[in-house]
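Visitor: I'd like a close look at one part of this model, taken slowly. Could you start with how its charged side chains pair up, and go on from there to the elements around them?

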Amino acid sequence: MWLFKRNGPSGFSSASTAEEVTNGIDASDLTAIVTGASSGIGLETARVLAKRGVHVVMGIRNMGVGEKVKQGIIKENPAAKIDAVQLDLSSMHSVRNFASHFKSSGLPLNILINNAGIMVPPFTLSPDNIELQFATNYLGHFLLTHLLLDTMKKTARDTKREVRIVNLSSVAHRSSYREGIRFDKINDEKSYSKLYAYGQSKLANILHANELARRLKEEGADITANSVHPGVITTNLFRHLGIFEGNLGIFEGVVSSIGRLVLKNVQQGASTTCYVALHPQLKGVSGQYFSNNNLDKADAKATDKDLAAKLWDYTMDLINK
């Protein structure tokens, strides 16, 4: 049971589940991509969107797991329209292959949910020689969005219906490096902090959504771009941080005793993503940051327009090398 349940202006709260915030919504004419849908809040997001009638294309790194997830969703909901396609966000080659595959399918794209991510690994370089958290959590999603933007614009024009992009960020965006984005030290192993690097990647997700929203509005495209903090989820959190390394019994005990009071379960964790992706309340809302199914205020660095523009140009150089 979540400790704080007071509903916000949206009518929902931190305790609301993904099914609750989408209750009564018929999305049977929509197509969505959800990255990182093989487990956790990504899986729950895909499941709930499919339950509401959305044709869901899951971007999955491990296709063996992806097929099991797909069959599990279909078993629960035989009418589900769901596909699993290989996608490794840490590899620009894989992202390009996924985008090419999707575009060749001829499907529209009404919703893009940039959900996949990794959390605080030791310093590692991606296949493209980019620090792994920055590459996976941010750069891969920037590239994916960039490659599919024309498809989303066409969908908005053809259907005369708003298209939505949702970037998964985190409250950890407040705990980036002092300068926010370390443009000259992205791959600096000596000064690497796995926690600050995670925060940096999540700050970049918000800056991306905000700059994209500005550009789309300027262009007159009927596409919104927002970012969300899903909350602190019980699954896998402390394992990634290594707090109880070597003693999972203690880990399970802590989660069992306090997790249900102060952490969210997966159903609650996926709710803000589903709310921002589907709810009619948010028609026309763009360039905003949400948590607990309500509008929230991001850190000052996340709303720095000059930093967002600089990151955009920096990233375009990276993906065009």
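**Salt bridges and the helices around them**

Guide: Let's begin with Arg 161, which is partly exposed, at a relative accessible area of 34%. Please keep in mind throughout that this is a predicted model. The side chain of Arg 161 meets that of Asp 29 in a salt bridge, 2.9 Å from N to O. The two partners tie together distant parts of the chain, 132 residues apart: Asp 29 sits in the loop between α1 (18-21) and β1, and Arg 161 in the loop between α5 and β5 (163-168). As a general point, oppositely charged side chains can pair when their charged atoms come close. By the rule used here, the count comes to eleven salt bridges.

A second long-range pair brings us to α5 itself. Lys 153 and Glu 219 meet through their side chains in a salt bridge of 2.8 Å, N to O. This pair also links distant parts of the chain, with Lys 153 in helix α5 and Glu 219 in helix α6 (residues 194-219), 66 residues apart. Lys 153 has a relative accessible area of 15% and is therefore buried, the cut-off being under 20%.

Helix α6 holds a local pair too. The side chains of Arg 215 and Glu 211 form a salt bridge at 2.9 Å, N to O. Both residues lie in α6, four residues apart, which is about one turn of the helix. An α-helix has 3.6 residues a turn, so residues three or four places apart point the same way. The two partners are enclosed to different degrees: Arg 215 is partly exposed, with a relative accessible area of 31%, whereas Glu 211 is buried, at 4%. Elsewhere, salt bridges with shared partners join Glu 19, Glu 44, Arg 47 and Glu 76 into one network.

That network leads us to α2, since Glu 44 and Arg 47 are among the buried residues of this helix. The others are Ile 41, Gly 42, Thr 45, Ala 46, Val 48, Leu 49 and Ala 50. Nine of the twelve residues of α2 are buried, so the helix is largely enclosed by the rest of the structure. At 1.5 Å a residue, its twelve residues should span 16 Å, and the end C-alpha atoms are 17 Å apart, which agrees. Just after α2, Gly 53 takes a positive phi of about 100°.

Its partner is α3. The axes of helix α2 (residues 40-51) and helix α3 (residues 63-76) come within 11 Å and cross at roughly 35°. The crossing is right-handed. On the α2 side, the contact is made by Leu 43, Ala 46, Arg 47 and Ala 50, and α3 contributes Val 69, Ile 73 and Glu 76. Arg 47 and Glu 76 thus appear in this contact as well as in the salt-bridge network.

Now for helix α4, and a return to α5. The 14 residues of α4 (residues 92-105) should span 20 Å at 1.5 Å a residue, and the end C-alpha atoms are 20 Å apart, which agrees. Which of its residues are buried? They are Met 92, Ser 94, Val 95, Phe 98, Ala 99 and Phe 102. They cover an arc of only 160° around the axis, which puts them on the same side of α4. These residues pack against β1 (31-35), β2 (55-60), β3 (82-86), α5 (132-159) and α11 (305-319). The face turned away from the buried side carries the exposed residues His 93 and Ser 104. Also in α4 is His 101, which counts as partly exposed at 45% relative accessibility. Its C-alpha is 9.8 Å from that of Gln 86, 15 residues away in sequence. After the helix comes Gly 106, whose phi is positive, near 80°.

One last stop is Val 276, in helix α10 (residues 271-278). Val 276 is buried, with a relative accessible area of 2%. Leaving out residues up to four places away in sequence, Val 276 touches Arg 164, Val 166, Asn 226, Val 228, Leu 282 and Phe 290. Its C-alpha is separated from that of Asn 226 by 7.7 Å, although the two are 50 residues apart along the chain.

Stepping back, the protein chain has eleven helices and eight strands. Of its 321 residues, 55% count as buried. Among contacts between residues at least 6 apart in sequence, 76% join residues at least 24 apart.

How values were computed
Residues are numbered from 1 along each chain as its sequence is written. This is a predicted model: local features need pLDDT of at least 70, side-chain atom pairs count only at pLDDT 80 or more; totals for chains, interfaces and linings use all residues. Side-chain values use heavy atoms; hydrogens and water are left out. Helices (H or I, at least four residues) and strands (E, at least two) are DSSP runs, numbered from the N terminus. The expected span of a helix is 1.5 Å times one less than its number of residues. Buried means under 20% relative accessible area, exposed over 50%, partly exposed in between (1.4 Å probe, protein chains only). The arc is that of the directions from the helix axis to the C-beta atoms. Contact means heavy atoms within 4.5 Å. A salt bridge is a side-chain nitrogen of Lys or Arg within 4 Å of a carboxyl oxygen of Asp or Glu. Axes are lines fitted to C-alpha atoms, for helices over the stretch in contact, and angles run from 0 to 180 degrees between N-to-C directions. A crossing is left-handed if the near helix is turned anticlockwise from the far one by less than a right angle, and right-handed if clockwise.
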